[in-house]
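Trainee: I am new to this structure and would be grateful for guidance. May we look at it together?

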Amino acid sequence: MNRYEAFGLGLLTRLDPERAHGLSLMALRTGLVALPGEITSPRLRTSLAGIDLPNPVGLAAGFDKNATALDPLTRAGFGFIEVGAATPRPQPGNPRPRLFRLPEDRAVINRFGFNNEGAAAIAARLAARPERGVIGLNLGANKDSANRAQDFAEVLAATGRWIDFATVNVSSPNTEKLRDLQGRAALESLLAGVLEVRDGLPRRVPVFLKIAPDLTDDEIAEIGAVALAAGINGVIATNTTLSRDGLGGAARGEAGGLSGAPLFERSTRVLARLSRATEGRLPLIGVGGISTPDQAYEKILAGASAVQLYTGLVFGGLSLVGELVRGIEDRLLRDGFATVAEAVGTGRERWL
Ligand SMILES: Cc1cc2nc3c(=O)[nH]c(=O)nc-3n(C[C@H](O)[C@H](O)[C@H](O)COP(=O)(O)O)c2cc1C
């Protein structure tokens with residue numbers, strides 16, 4: 001991190017967290033943040049469910065919910081970015097305050113509840129997207145929807161022609177009963193509906209499923225089996241946790257999903273178990289608590305074909321992206337892997 005970034009982050013931490021986040025997005029849009037452009041090499045270049053990525057480090061959903069910073073984000077060094085969650089109709093989300101920093105824990109608690117401008121507004125921005133860069137959309141459901149499963153399909157229908165992948169997010173803890181859609185019967189019918197819409201799109205967009213970190217081993221195995229049988233293209237593990245184990249931050253009692261450092265082990269264990277359950281037959285994306293190159297690399301060794309992060313950026317700034325990407329490259333070289341794909345899952349046993 002350079003002096004300017006450290007200064008900027010220092011200022012932002014004194015503001016209300018949601019306002020600070022809005023300002024960082026604005027700084028990105030107005031070109032105040034220096035961006036490295038694409039970071040790649042033959043060793044870093046990889047394929048995720050048929051999508052060619054310049055490197056395996058992605059931006060996790062929730063950072064740019066309304067797709068307002070597509071152009072700068074595709075130049076920020078990420079191998080791919082995920083925007084959203086988008087719901088069919090706009091919705092305000094939960095009352096403020098709904099975002100809390102826990103600096104002692106290098107963690108964040110959020111209970112946004114899918115605040116977003118709705119599928120039509122987000123589709124319009126995606127339609128005007130930059131050509132370069134891999135852009136996916138996180139699909140969500142309206143809080144007051146009579147048929148949440150249909151909501152996911154509806155958002156995909158509205159946006160599918162402009163995106164490179166879509167994520168079915170049934171793991172946000174901030175929309176009541178949403179996580180119930182992770183159960184076998186609900187999930188089977190939900191995925192079938194989404195894939196039917198996908199198969200009618202002009203391009204066969206890969207569809208991923210994003211799961212919670214608070215699942216039992218049996219639930220993980222069941223989700224793996226349903227995902228394989230349904231024919232989806234990958235699983236993102238994981239979303240935020242409801243656990244509050246070992247936290248020191250004053251905001252630890254706030255309701256919502258916890259992300260950042262304390263989530264690393266829990267989410268990596270879920271990833272490794274899912275990798276074992278699916279025998280490496282399903283591409284996995286590892287998310288949760290990444291803030292160092294060792295952690296990003298460890299997710300790959302645990303079974304991830306690519307990784308994503310969000311909370312690490314709150315404390316480490318956008319320059320962390322380049323550090324992670326270069327750090328992964330160094331470790332691949334050190335361990336004798338010519339590509340990311342060669343390393344995937346080779347350290348899984350440590351997490352089982
Ligand atoms: C403020 C905030 C908003 C988020 N919004 C979404 C969302 O809309 N959809 C989603 O699937 N995940 C959302 N997430 C979860 C992240 O994408 C990610 O899965 C989680 O934070 C764990 O990664 P991290 O520890 O690197 O942040 C959000 C996370 C945060 C901190």
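Mentor: The following exchange concerns the ligand and the annotated positions. The model is predicted, with local features needing pLDDT of at least 70, side-chain atom pairs pLDDT 80 or more, and totals for chains, interfaces and linings using all residues. Residues are numbered from 1 along each chain as its sequence is written, and side-chain values use heavy atoms, without hydrogens and water.

Trainee: How many residues surround the ligand?

Mentor: A residue belongs to these surroundings if one of its heavy atoms lies within 4 Å of the ligand. The closest include A61, K210 and T311. The shell divides into 9 nonpolar, 13 polar (Gly counts as polar) and 2 charged residues. The number of residues surrounding the ligand is 24.

Trainee: Which residue has a backbone N or O atom 2.7 Å from an oxygen atom of the ligand?

Mentor: Polar contacts are pairs of N or O atoms within 3.5 Å. The side chain of N138 places a polar atom 2.9 Å from a ligand oxygen atom, and for an N or O atom in the side chain of N169 the distance is 3.0 Å. The backbone atom at 2.7 Å belongs to G289.

Trainee: Is G113 buried or exposed?

Mentor: An unreviewed UniProt entry lists G113 under "binding site"; such annotations may be inferred rather than shown by experiment. G113 sits in the loop between β6 (107-110) and α4 (119-127), where helices (H or I, at least four residues) and strands (E, at least two) are DSSP runs. Buried means under 20% relative accessible area and exposed over 50%, with a 1.4 Å probe and protein chains only. Because its relative accessibility is 9%, G113 is buried.

How values were computed:
Polar contact = N/O pair within 3.5 Å; in protein donor to acceptor, adjacent residues only side chain to side chain.
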